[in-house]
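Me: I'd like to learn how to read an interface between two chains. Can you walk me through one?

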Protein chains: 4
Amino acid sequence: MNENAVARLRITCPDKPGIVAAVTNFLASHGANITALDQHSSDPEGGAFFMRLEFQTPRLDVARAVLEDAFAEIVAQPFQMDWRIGYSSDTPQVAILVSSQEHCLMELLWRWSRGEMDCDVGMVLSNHPVLREPVEAFGVPFHYVPAEGGKGEAEARMLELLEGRFDLLVLARYMRILSGDFISRFPSIINIHHSFLPAFVGADPYRQARERGVKLIGATAHYVTEELDAGPIIEQDVSRVCHRHGVDALKDMGRDLERQVLARAVRWHLEDRIILDRNKTVVFV
Amino acid sequence: MNENAVARLRITCPDKPGIVAAVTNFLASHGANITALDQHSSDPEGGAFFMRLEFQTPRLDVARAVLEDAFAEIVAQPFQMDWRIGYSSDTPQVAILVSSQEHCLMELLWRWSRGEMDCDVGMVLSNHPVLREPVEAFGVPFHYVPAEGGKGEAEARMLELLEGRFDLLVLARYMRILSGDFISRFPSIINIHHSFLPAFVGADPYRQARERGVKLIGATAHYVTEELDAGPIIEQDVSRVCHRHGVDALKDMGRDLERQVLARAVRWHLEDRIILDRNKTVVFV
Amino acid sequence: MNENAVARLRITCPDKPGIVAAVTNFLASHGANITALDQHSSDPEGGAFFMRLEFQTPRLDVARAVLEDAFAEIVAQPFQMDWRIGYSSDTPQVAILVSSQEHCLMELLWRWSRGEMDCDVGMVLSNHPVLREPVEAFGVPFHYVPAEGGKGEAEARMLELLEGRFDLLVLARYMRILSGDFISRFPSIINIHHSFLPAFVGADPYRQARERGVKLIGATAHYVTEELDAGPIIEQDVSRVCHRHGVDALKDMGRDLERQVLARAVRWHLEDRIILDRNKTVVFV
Amino acid sequence: MNENAVARLRITCPDKPGIVAAVTNFLASHGANITALDQHSSDPEGGAFFMRLEFQTPRLDVARAVLEDAFAEIVAQPFQMDWRIGYSSDTPQVAILVSSQEHCLMELLWRWSRGEMDCDVGMVLSNHPVLREPVEAFGVPFHYVPAEGGKGEAEARMLELLEGRFDLLVLARYMRILSGDFISRFPSIINIHHSFLPAFVGADPYRQARERGVKLIGATAHYVTEELDAGPIIEQDVSRVCHRHGVDALKDMGRDLERQVLARAVRWHLEDRIILDRNKTVVFV
C-alpha cells in the first residue's frame, strides 16, 4: 500500500458498551495507526452509535480485502454494524450539474484545480449552453442537455451520460427538480439551496426573505431526496442583512454564502466525514 | 430645556427630492444641532423614504409644542410625512410579561438596573407565581395573573393592570397567545421567539430544529401582531450547533441567544431607532 | 457508586499506535460504558497524543481506587501517560475574584444558581466593597480585601482565605496583577481579558482598540500564568464594531462578549474538557 | 449627463450646527436627488464631522465643473470642508500586485469579470512569473518584475509601469515591503494582511497564531502606509479554529477569509464609501 495512504472507517450501530474497544483493538492488532477518532452516541441508553476513524495503512499486516473480511466477521457482525471503509487512494468521481449561474461551479472548479478537493471532476452538465467555455478552460468536459424536450427526455439523456460513472453529483445552483427515479440511481447527490432551510423552501428564496424582512439570510447544503429541499442538511451559514439590502443585494451577498457552504459540504463528503442518521447528518469535522 | 436633552425625529413619506434639505434646514434654523442622521429610500423612483435624526435641544429658540406645530405646517404637510419626535426626557413606561422561565426577564432587569435601558420598568406580570421574589428584588412590582379562568378573564385582569399605563409591553418568554383585541390596546408589544423565523413557528421550536437537523439555531425579536410569530422582525441571531446537541443543549444555547436578541431589540425600540415599513422594520443602528 | 455518575478521563502521552485500543479495552473490561471519546494527535509521527473519555460508572466491577491503580499499572505506565480521572460526584470548589465591575460576576452567579455550572461557588473576594449585597443575595460569602496595604499584605490576606480550599479561582474582571508566588499556589486560575489577545495586552484595551481603529473587538478567557495576559487561551470571541462606537460603546458591547466567553471557559474547565499542551489548550467540546 | 449617473460626495470638516442643511439645501436647489446620506460626528462638541451623500445627476441644472465651483464657494469654504465628488461615470483605474499565491487575485478578477467591481483592472504585476496564464485568461496584461536586482531597481521598473496610470493599487498577497517613496506616489494602496491586526504583524502570521494558540484567526484589509501593517484598517473578519488546525489548515481557512475581506474593502473603496480619519477609517456601508 501507498506510503501516505489513509483509510477512513465509518460505523453506525446500536449503542452498547465495548464498541470503541472492539474496533480500535482490531485495527491496532493489524498494524493500523489511528490518527483521528470521533464518536457520537445519540443516547447512552438504547441510542444509536456513530464513529469515524482515520488510520494509516502502510504498516497493515494484511491486504485490504482480507482486513475487511476479518473486520466484518470479528467486529461488525457481533455489533450489527452498518460500516464502510474509504481509502484515500480510491479517487471519487464527481459530476457537477449547473444551470446558468456560475458562482458555485467556479468555486468548486477553482478549489479542485488547487488540489483542495480530493476527487476527479469528470463532467459538468447543464441545461444551458452558456458556461461551456469557463468549464473547458479547467479541462473538464461540458455537456449541454436542454430541458426543452420535457423532463423525461432530459433525464434519460442525463442518465446516459452520468449513470454508473459517478460517485457524487453536485447540484451547483442547478435549477430544475429531479425525479425520484433519477435521484435513486446515484449514491449521493448534494444540492445548495439559497436559504436557511427550512425557511423559504422552493423558488426565489431571496425574494421571500426580503418580503418577510429577515435580518439574516442563509444558504444550506443538503443531500437530495425526493421531497424538495427536505433532505438531510450538511451545512448552513448566514450573513447579516438590513433594510438597505434589496433583492439584488441579497443575491450578491448570498452568492458568497452559497459558494462557501457548498464547498465545505462537498469537501466533508469527499473526506468521508458525514454519516447519515435518518433524515439528519452526523458531520465529524 | 435640559442641557443634555436629545430629541429623535422619525419620518416616513413618499420619496421625492428635497426632503433632507427641508428637514435639516428647518431644524438648523431653530438652533437644533443634528448629531445623527440616517435615511433610507426603498427606491429612488417612487419609493418610500425613511429618516431618523437625533438633535440636541438646549439651543432651540422655541418651545417643544411651537417647534412641533411649525414643523407640521412647514415641513411635514407638504411632504405628506408620517412623523414623530421622541424626547430623551420623556421616559417610556415598560411592562414585562413572563411565564416561568426567567432568563430573558433577568437579562432585561439586570440591564435596566445598570442604566443600560432608558425606561421605567413599572411592572412584571406573569401567569405563574414563581418569579415574584427575583423581580421584587429589583424593586419592581410583580403581579400574578393565573390563566386558569380562561383567556377572556385573564386578559380582562391584565388590561386592568396594564392598559393606558405602558408605552411598551415586552413578552420575555411569555408562553400564552394574546388576543387581537388585547394586542390592539397597546402602542407596541415586542416578543422573543426561540427560533430563526420564519423557520419553526409555534410550539417547541428547539425540538423542531433538532428534528430537522439544522446546523444553526436562532432567536427572533419581533413586534406582535394578531398572526402568531408573523409580526415585523426587529432582530435575529444564530448559534452554530451540531449532532452532539440534543434538545436540552439547544435550549441551553438558545437561552443565551434569546437574552441578547431581545435586549438589543428593546434597546433599539427605546432609542426610537425603529420605523415600521408595512410588515418589516427599518432599524437605524 | 451513584446511578448517574459520570467519570472523565483525560490523557496526554507521546503518540504511538495502540493507545485508544489499550484505554478503551481496559475500561470496557471493567464495565465502563464510554459515552464520549475525543482524541487528538498533534502529529501522527512523533507528536503528542491527547484524549478525553466520558464513561458511566454504575456498572464498574471495582472501586474507584482499585480501578485507578490498575489503570496506572496496565495502561498509563507503558504509554508514559500523564492522566487524571475526574468524577462528576466530586464537586469542584470555586472562588471568584472581582473588582468593582459586576457583569462577569453576575453572569457566573446567575448561571450557577440555575444549575448550569457544576461546582460550589464558595466565596467571592474583591478589592472593593461595593458588590457585597448582590453577592450575598446569592447566598455566597463575600470578602473585601483592600489593596491599600500593598500587594504583599493583600495577597497574604487572600491566601489565608483561599489557599487549600479552592480548585479553581476565576478572575471575573479582577483588575489587579497577582504575583507569581500567589498564582503558583492554586491548581487553576482563569482570567477574562477584554481584548482579542494577543492584541491589546495590558491596561484599557477598549481604548487601545478604538485608537487602532479595529473593526472587531474581542474578549479572551485564559489560564493565568506569571506573564501578564500570556497564559494558555481557552476561548475567544469577537463583535463587529464601526466608527460610530466610541470607547464607551465598545465597553458596553464588550461586556456582553466578556460574560459569554468567561462563562463558556469556566464551564469547559468544570466539565474537564480542557487539556494543556504547553502554552496552548486542547478543548474538547 | 448620463441618465443613470450617480455622484458621491464625501466631506470632512469641523463639526458645527447647520452642515447637513447647507449641503442638502445646495444640492436640492440644483436638482440633485439625494438617494443615500450617511453622516458621523466624532463628538457633537468640537469633534470632526464626516458625511457621504449619493445623488442622482440627470436633473442637475448645471455642468459638473460649475456645480463644483459653486459648492466650493457657497458651502465648502464657510465650513472649512475637505471634500471630493466621485462620479460613477469616471471609472477608476486599478492595478493588482501579487506574488505567487493566486487566491486573492483570482477572487478580485472573478468578481471584476462578473461586473461586481466598478473599475478597470488594467494590469497585474508580480515578482513571480507563475500567474501569467490565469491573469491573461481574463484579458488583463501581466507584467513580471523580478526582485533579484534589489528593491531600488524593482521599484523603479514598477513605477515606470504604474505611476500616473492608476488610481488604486491592490496588494493581493504581494509579499514584498514597498518603500515610503514608492507608496507616496499613489493616491491609494490597499493591502490584505493575513491576521487580525494588530495581532501578528509581519511574517508568517498563521504560524504565529498557531504558536499563540488563538481560537480565532483573522484577516485585515488596510490602506498601506510607510509603517508595516500599521495603516488605517478598512475591514476585518475572523474564523473559529481549534487545536485540530495545524499551520496548513489555518492557511487553508485563512485564504477564504482573505478573499472575502479584501474583496469587500476594494469594493467599498471603489464606491467611495471610505473617509480617512487620521489613522482610522469611517466606512459608510
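Reply: Sure, let's start with polar contacts. A polar contact is a pair of N or O atoms within 3.5 Å; within protein, one must be able to donate a hydrogen and the other to accept it, and residues adjacent in sequence count only if both atoms are side-chain atoms. Here 21 residue pairs, both at pLDDT 80 or more, are in polar contact across the interface of chain B and chain A. This is a predicted model, where local features need pLDDT of at least 70, side-chain atom pairs count only at pLDDT 80 or more, and totals for chains, interfaces and linings use all residues. Residues are numbered from 1 along each chain as its sequence is written, chains are lettered from A and ligands numbered from 1 in the order written, and side-chain values use heavy atoms, without hydrogens and water.

Me: How many salt bridges are there between chain B and chain A?

Reply: A salt bridge puts a side-chain nitrogen of Lys or Arg within 4 Å of a carboxyl oxygen of Asp or Glu. Between chain B and chain A the count is six. One of them joins B:Arg244 to A:Asp38, with the closest N and O atoms 3.8 Å apart.

Me: And how many residues of chain B are in contact with chain A?

Reply: Contact means heavy atoms within 4.5 Å. By that rule, 34 residues of chain B touch 34 residues of chain A. The copies meet through the same surface, because 100% of the interface residues of chain B are also interface residues in chain A.
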